[in-house]
Amino acid sequence: MHKIKQLILAGVLLCLWQAPASIANTRPLALVGESEFKLLMLPVYHSRLYTSNGEYMPGQRPVKLEIRYLLNIKAEKLLERTDREWQQLGIAAQDRKTWL
């Protein structure tokens, strides 16, 4: 019986500890701005940036970037190209692996 109480208490504490992260993920984000990238008049993608208050500040979380490609681009090729570009920009391999 004592073991069951400990498990229940541990479960409740875990839920309470995780609550702020869960709540943050369910709050609606506000649009900061949107843009369309064109190459030689050909639309390539449309992007939107969202934050909790609709304003961008470096390091602010949560942040959401939506990119909708308007061309037929294979996901594998996009990821390979993004990895190469980020490598040339000096982004650490571990960060690239996490984000891709």
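Is Lys 38 buried, partly exposed or exposed, and at what relative accessibility? In this predicted model, Lys 38 has a relative accessibility of 44% and therefore counts as partly exposed, since the buried class ends at 20% and the exposed class begins over 50%. The side chain of Lys 38 meets that of Glu 36 in a salt bridge, with a distance of 3.9 Å from N to O. Glu 36 falls in the partly exposed class as well, at 37% relative accessibility.

Lys 38 and Glu 36 form one of 5 salt bridges found in a search of the whole structure. Another joins Lys 64 to Glu 66, where the closest N and O atoms are 3.3 Å apart. Lys 64 has a relative accessible area of 39% and is partly exposed; Glu 66, with 28%, is also partly exposed. Lys 64 takes part in a further arrangement: its charged end sits over the ring of Tyr 50, at 5.4 Å from the ring centre.

A salt bridge is also found within helix H2, between residues 4 positions apart, about one turn of the helix: Glu 85 and Arg 81. The N to O distance in this bridge is 2.8 Å. Glu 85 is partly exposed, its relative accessible area being 33%, and Arg 81 is partly exposed at 46%.

The strands form an open sheet of 3 members in the order S1-S2-S3, and the pairing is antiparallel. Strand S1 (30-39) and S3 are the edge strands, each pairing on one side only. Direction ignored, neighbouring strands of the sheet are turned against each other by 15 degrees on average. Between S1 and S2 the antiparallel pairing extends over 9 bridges. Phe 37 stands opposite Tyr 45, which belongs to S2. Phe 37 and Tyr 45 are also linked through ring pairs, together with Tyr 69, into a cluster.

The loop between strand S2 (42-51) and strand S3 (63-69) contains Gln 60. Gln 60 has a relative accessible area of 14% and is therefore buried, as this value lies under the 20% limit. When neighbours within four places in sequence are left aside, Gln 60 is in contact with Thr 51, Ser 52, Asn 53 and Glu 55.

In total, 3 aromatic pairs are counted. The rings of Trp 86 and Trp 99 have centres 5.8 Å apart, which is within the 6.5 Å limit for a pair. Their planes stand at 90 degrees, so the pair is edge-to-face, the threshold for this class being over 60 degrees. The two residues come from distant parts of the chain, 13 residues apart: Trp 86 lies in helix H2 (residues 75-88) and Trp 99 in helix H3 (residues 93-99). The accessibility classes of the two residues are as follows. Trp 86 is partly exposed, with a relative accessible area of 25%, whereas Trp 99 is exposed, with 54%. The value for Trp 99 is over the 50% limit, so this residue is placed in the exposed class. Trp 86, at 25%, is placed in the partly exposed class because its value falls between the 20% and 50% limits.

Conventions: Residues numbered from 1 in each chain as written. Predicted model: local features only at pLDDT ≥ 70, side-chain atom pairs only at ≥ 80, totals over all residues. Heavy atoms only, no water. Phe/Tyr/Trp six-rings, centres within 6.5 Å; stacked < 30°, edge-to-face > 60°. Buried < 20%, exposed > 50% of the residue type's maximum accessible area, 1.4 Å probe, protein only. Lys NZ or Arg CZ within 6 Å of the ring centre and 35° of its normal. Contact = heavy atoms within 4.5 Å. Pairing = 2+ DSSP bridges. Axes fitted to C-alpha atoms, helices over the stretch in contact; angles between N-to-C directions.
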